[in-house]
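Visitor: Please take me through one part of this structure in detail. I would like to look at an enclosed space and what surrounds it.

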Amino acid sequence: MQRSFYRVLLTSGLTVVAALAVVAVLGAGTRPAAAQAPEAGPFAPRALYGAACASCHGTDGRGNPRIDTPVLAGLSAAYLERQLDSFRRGYRGRHPEDLEGLEMRPMVEGFAAADLAAVGAWLASLPVPQPAGDAATTGAEGQGGDPARGRTLYAACAVCHGRSGEGNDALGAPRLAGQASWYTLRQLRKFMDGIRGSHPDDTSGASMRASVAGLAPRDAADIVAWIEMLPVN
Amino acid sequence: MEGRISRRQLLNAVGAAGGSAAVHAAATALGLLPAAARAGQLDLRPAGGRARHVVVIGAGIAGLAAAYELRRAGHRCTILEASHRPGGRSLTLRRGDVVDELGARQVCDFDDQPHLYFNAGPARIPGSHASLLHYCRELDVPLEVFVNDNRNAWVHDDAAFGGRPIRNREYMTDARGFLAELLAKSVAPDALDARLDADDRERLREFLRAYGDLDASLAYSGSERAGYASGGMTSPGVKKPVRDFSELLDANFWREYMHWGELADQAAPMLQPVGGMDRIVDGFMRRVGDAVELRAAVREIRLGETGVEVAYAGARGEVRAVRADYCLNSMPAHLVVGLRHNLPPRYVRALSAPGRGSLVKLAFQAQRRFWEDEQIYGGISWTNQDITQIWYPPHGIHSGTGVVLGAYAFDDEPGTRLTRMSPAERIEAALAQGEKIHPDYRRHVGRGVSVAWYRMNHVLGCSTRWSDEAMRDHFATLQSPTGRHYMVGDQISHHPGWQEGAIQSAYHALRDIDRREREAGVAG
């Protein structure tokens, strides 16, 4: 149902846009980065993202802490596809205490797997957003962890997620560098508390959950404080 | 009075010196005439040779009013609206209308009749909201009286009166009677402030007798104000037995809702547009609709030295850009944070400061106007349950069917609980809670439709929650422009959730643009 709804939104929008086209006259050197040529095909992933995802996840997957949405741009296609599929199949966003996951799950339930994969691949092709001057609002402040201690603890995480937090598709580990700190910490706590990774079908989530079972809350804050310092490259 | 000049004498003297315009100005200053010919109007200076292009983000009430005024002054506007419809949260649902809730789309399936509509956003207008009422006049939007406070409606609380509803008037009368008796019997020289002399004390007793409908011995023994238990027409009226005051206190009603009708914005009489609140949106669209682009979702805002550039996605994901001299932005502040932008950090921190309210409204079509059988014509019943309120339509009286508002959870706790439900679960919750007030509710109502504003596409929250701290630290930042970019909307007002707040925020920005243009015109 959702899929057809968004497609209806897209198709019925065409005539409106054509009729009301606004001519853009841009000053030299100040062209907004988002102003690019339209993509080919009526249902390009970018359009699906715009219709179904952008309200919450922000422009081109940059995330929005005010809506509790993570950075999506630059995550690997395989990871994004697997997470979207796990929401779609209902083994992520099912736990009653996973409040954000519960909001996310109905967004993708009606999508075809191929569409989700295409959106994931498009997001993966985007550059990881640099933490901009608005770091105060991306959650990079105020988590209160000790990065020096976190660096030591992170050694265990680096086995899968990479020394620089670059991620490793072969091991199913997502990129961590560049992710909003508040999100990383919240997900880490969800794994520790069994709110994420406890569904029997969520095999990669289960291995993550097992990996963090021995962590104390303070450890999580320290690890995230270290991850926050990893450069985005 | 000897030696003092009367106001009449003063006006005559002013008129002799400066003509009638001076009299008018002087009389206004003396408070004898309203400040404008009609309250609530904005008078922008005509653009003349300095016509400007303004990009307005959001075709809600703030954006539409701003565009209307800018055009009237001779400026050019482009209005970008992310949704498939104009109006923003001024949303009236009728048969076939889509509720664009994220992940839970609904379609309203009321019967197709003029009185069967649901104002899912703003739904009532106080007489003091002069600018909004000015537009109703200007845009030929007929108004009718809206019934808000109704003493015949019900007060329900699971913790009081055995969980059965009692009439609002009974609660109010007994509570005031008890209070009046308590105070009247304690009016004694040593019990009250010594400044009250014997005469004052006697008058205070009389005041309290009148206030609480006490008998001559200053006792409250029930009142006809509560409505008779029986009789009162062809046989003598029999008063209702007095409720136990501690039981009145068991109901949460006294904490806030008992005093609802005392609020300046909620007191009778109130108004509503005939046929739905979005008649005001329709009126604006008739004037500025050709400048509105729907399904135009802003993706980027870039401040420049001499203007603002806004990139937006059309329905196919194609990105266009518009460059303007000014930008009036009514997007919810919490969504601006998710855009690509070059806004200064302090401004972004301010955009992040206010909270997202989780207001929920839900309505049913009733196949029988059962509330009229209960002597209720319009108004609100109150309950301590999550639905909080049931509204009865003041229009379409005796017409058979009607749309009854089955829930209006405006506090965040009940709002969040209802928001987290599926639309079907919300309907069931509203039925189960409503039938505690109207036992046959389920038999009479159906076709429920709910609007959980926290989950509505392109909105994601209503109303704006300004904590005292956020207000103190960040409101002024957002009320001021950054470069040529202005935040507007009810969110940038001390009246979030009200259309008047939206309009006044737009006026605040437009007056500043007017000033800048005037200064630039003088300089140039």
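Guide: What follows is a close look at the second largest cavity. This is a predicted model, where local features need pLDDT of at least 70, side-chain atom pairs count only at pLDDT 80 or more, and totals for chains, interfaces and linings use all residues. Residues are numbered from 1 along each chain as its sequence is written, chains are lettered from A and ligands numbered from 1 in the order in which they are written, and side-chain values use heavy atoms, without hydrogens and water.

The structure holds eight cavities of 30 Å³ or more. A cavity is a set of points, on a 1 Å grid over the protein atoms alone, where a 1.4 Å probe fits but cannot get out. Points are joined across faces, edges and corners, and the volume is the space filled by probe spheres set on them. The second largest cavity has about 150 Å³ of space.

Now the walls. The lining of this cavity counts 14 residues, each with an atom within 4 Å of a point. Nearest the centre lie B:Y117, B:N119, B:W391, B:H395 and B:V403. Three elements of chain B give two or more residues to the lining: β6 (118–119), β23 (389–392) and β24 (402–409). Strands here are DSSP runs (E, at least two residues), numbered from the N terminus. β24(B) gives the most, with three residues.

Last, the chemistry. Eleven lining residues are nonpolar, three are polar and none is charged. Ala, Val, Leu, Ile, Met, Phe, Trp, Tyr, Cys and Pro count as nonpolar; Asp, Glu, Lys and Arg as charged; the others, Gly among them, as polar.

Technical notes: 1 Å grid on protein atoms, 1.4 Å probe; cavity = no way out; pocket = protein on both sides within 12 Å on 5 of 7 lines; lining within 4 Å. Helix = DSSP H or I, 4+ residues; strand = E, 2+ residues; numbered from the N terminus.
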